[in-house]
Amino acid sequence: MADDGPTPVHLPEVLDGLAENPALPVELVRRLVRHRRGSDGVARYADLPPDVIEEILASDDHRLLHSLALNRHLPHAVRMRLTTYPDPAVRAALVVGARDAPRELHERLINDPGPRAREYLAKRDDVPADLLARLATDPEPAVRATLARWWTQAPEAVRRVLLTDPVDSVRAAACSTYYARLPHPVPPPDLVARLLDDPVTRTGAVRHAVLTPALAARLAGDPDHQVRRQVAEHPQLPPSVRDVLAEDPSANVRVGVFRRPDTPEPTRHGIYADIQRGERPLTEVLGGDLDDDEVLQRFEDHLSVSELRHLRLDWVTADPLPHVSSPYICFRRSAAHSPALPADAVLRLLHDDDSGVRTTMARHAPHLVDPATAERIDRDFRSDKKTDWRPADVLPLPASTLRRLASDPDPRMRSLAPRDPDLPVELIERLAADPDSTVRQTVAGHPRLPAHARRALLADDSEFVARTAAAAPTLPVAEMERLLTLAGL
């Protein structure tokens, strides 16, 4: 083994990457377990030898033990031992790591003194129903509220307990407009009136109510704009009340009217134009001498501008052709979700001015996307939120395109080149020396990366590049040993 390679600038982070390397031999896992600063990823290996497990258990190292508890391949007997470990975070991690665990483990953790373990159990769909039902009367309200959000198909008796809980946060979670799982629960009909009378559950109860004209008029005047929003979306809303809500002071409520299929087009256009005119940078929205209510109102109005772009309208998707050329982006995006659009409509949406429309259409008709269009859509992709996803993830580019992109002026496009498993070595070397660290990171795990380039990346100034290089399954065992030796392990 050559030992004259450069010493990594970020050796601790390199060791963390090495701990995540799926090709790390067992004998090196043993050495890495002794690294106390980090490298807790070694405890998640699928085939940890018993002696390594025992060493981790004896270490009393929180990070190692927490990672061990998360190991999905951990023997059941070891999990049972960890249920008595004094750190509640480790015991809670057992719930996360133990998929399809025996009842014995769930029975032990359902009585855990730390509420976090019980809260995690409330989120699971593989816990026996009788044990989950016990959580409906858990002494910790956060556990009961979590159960209400996650166990959406709980027996009616359990739902009744949660819907009538004495703590507001639990009732609010049990009768909500959002749940962690589908399908959403429906409250017992005899409880709906009571839920409407309770300010905490009123918003979530509106959609389940029979909306008579009198009830609609009463709820349309509720001081809570979230209640009025639910009224605005109710399918039984009388046109007269709809027209009142179209003038609501809350933009959030007006969006609810905008999205209705029965809203007259002049009304819809007026709502859209009015909300767009109110678009302002968030710093301006929250600036000035405002009280809390005014700040909240401005913030809700600000979010409404974004919501108008992202609304998913099933009734538009069901009948997309009239909306392919809609002036509303959300209508065109919803139309692009349709699997039954003719080729000319698909082509139109693939060339839409909005990146979201183009991307949505490409994902729903990939067979009609040629390489040039796929490259254009990815190049022009502008995400509305922070994400690592990009169109090229579902629209693979041919090797000829990827090799050309290795010399692209845009580093974001250069970072696609390593997706070619047969990328020529000279291009790999060029990308490994790229001035942009994100490009170097994408090539750090390439199977054809030359040894000298790999060593340079392990010693890269960017800790993310160095860690990625160490985590690559193609890293030679000799190089792994050199890194451990450098760390004194």
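This is a short walk through a predicted model, stop by stop, for you to follow in your viewer.

Before you click anything, note that residues are numbered from 1 along each chain as its sequence is written, and that side-chain values use heavy atoms, with hydrogens and water left out. Because the model is predicted, local features need pLDDT of at least 70 and side-chain atom pairs count only at pLDDT 80 or more, while totals for chains, interfaces and linings use all residues.

**The whole protein**

Start zoomed out, in cartoon view. You'll find 33 helices and zero strands; these are DSSP runs numbered from the N terminus, with helices being H or I of at least four residues and strands E of at least two. Along the principal axes, the C-alpha atoms fill a box of roughly 85 × 60 × 50 Å.

Now switch on the surface. Its accessible area is about 23100 Å², and carbon and sulfur atoms own 54% of that (Shrake-Rupley method, 1.4 Å probe; for residues, only the protein chains shown count as cover). Of the 489 residues, 50% are buried. Buried means under 20% relative accessible area, exposed means over 50%, and partly exposed is in between, using a 1.4 Å probe and protein chains only. Contact means heavy atoms within 4.5 Å. Among contacts with a separation of 6 or more, 51% join residues 24 or more positions apart.

**Helix 1 and its neighbours**

Select residues 11-19, which form helix 1. Eight of its nine residues are buried, including Leu11, Leu15 and Ala19. Those buried residues pack against helix 2 (26-33), helix 31 (451-458), helix 32 and helix 33 (477-486).

Add residues 463-471 to see helix 32. How do the two axes meet? They come within 7 Å and cross at roughly 35°; axes here are lines fitted to C-alpha atoms, for helices over the stretch in contact, and angles run from 0 to 180 degrees between N-to-C directions. The crossing is right-handed, the near helix being turned clockwise from the far one by less than a right angle. On helix 1, show Glu13, Val14, Asp16, Gly17 and Leu18; on helix 32, show Glu463, Ala466, Arg467, Ala470 and Ala471. This contact has five nonpolar, one polar and four charged residues. In that count, Ala, Val, Leu, Ile, Met, Phe, Trp, Tyr, Cys and Pro are nonpolar, Asp, Glu, Lys and Arg are charged, and the others, Gly among them, are polar.

**Helix 23 and Asp352**

Jump to residues 329-336, helix 23, where eight of eight residues are buried. Arg332 and Arg333 are among them, and Cys330 has a relative accessible area of 0%.

Keep Arg332 on screen and add Asp352, which touches Arg332, Val357 and Arg358, not counting residues up to four places away in sequence. Asp352 sits in the loop between helix 24 (343-350) and helix 25 (355-364). Is Asp352 buried or exposed? Its relative accessible area is 10%, so it counts as buried.

**Two backbone oddities**

Most residues other than glycine have a negative phi, and most peptide bonds are trans. Go to Asp60, where phi is near 60°. Asp60 lies in the loop between helix 3 (50-59) and helix 4 (62-70) and is exposed at 54%.

Then centre on Leu182 and Pro183: the peptide bond between them is cis, with omega near -5°. Pro183 is in the loop between helix 12 (168-174) and helix 13 (192-197).

**Last stop: cysteines**

Finish with Cys175, buried at 4% relative accessibility. How many disulfides does the whole structure hold? Zero, going by pairs of cysteine sulfur atoms within 2.5 Å.
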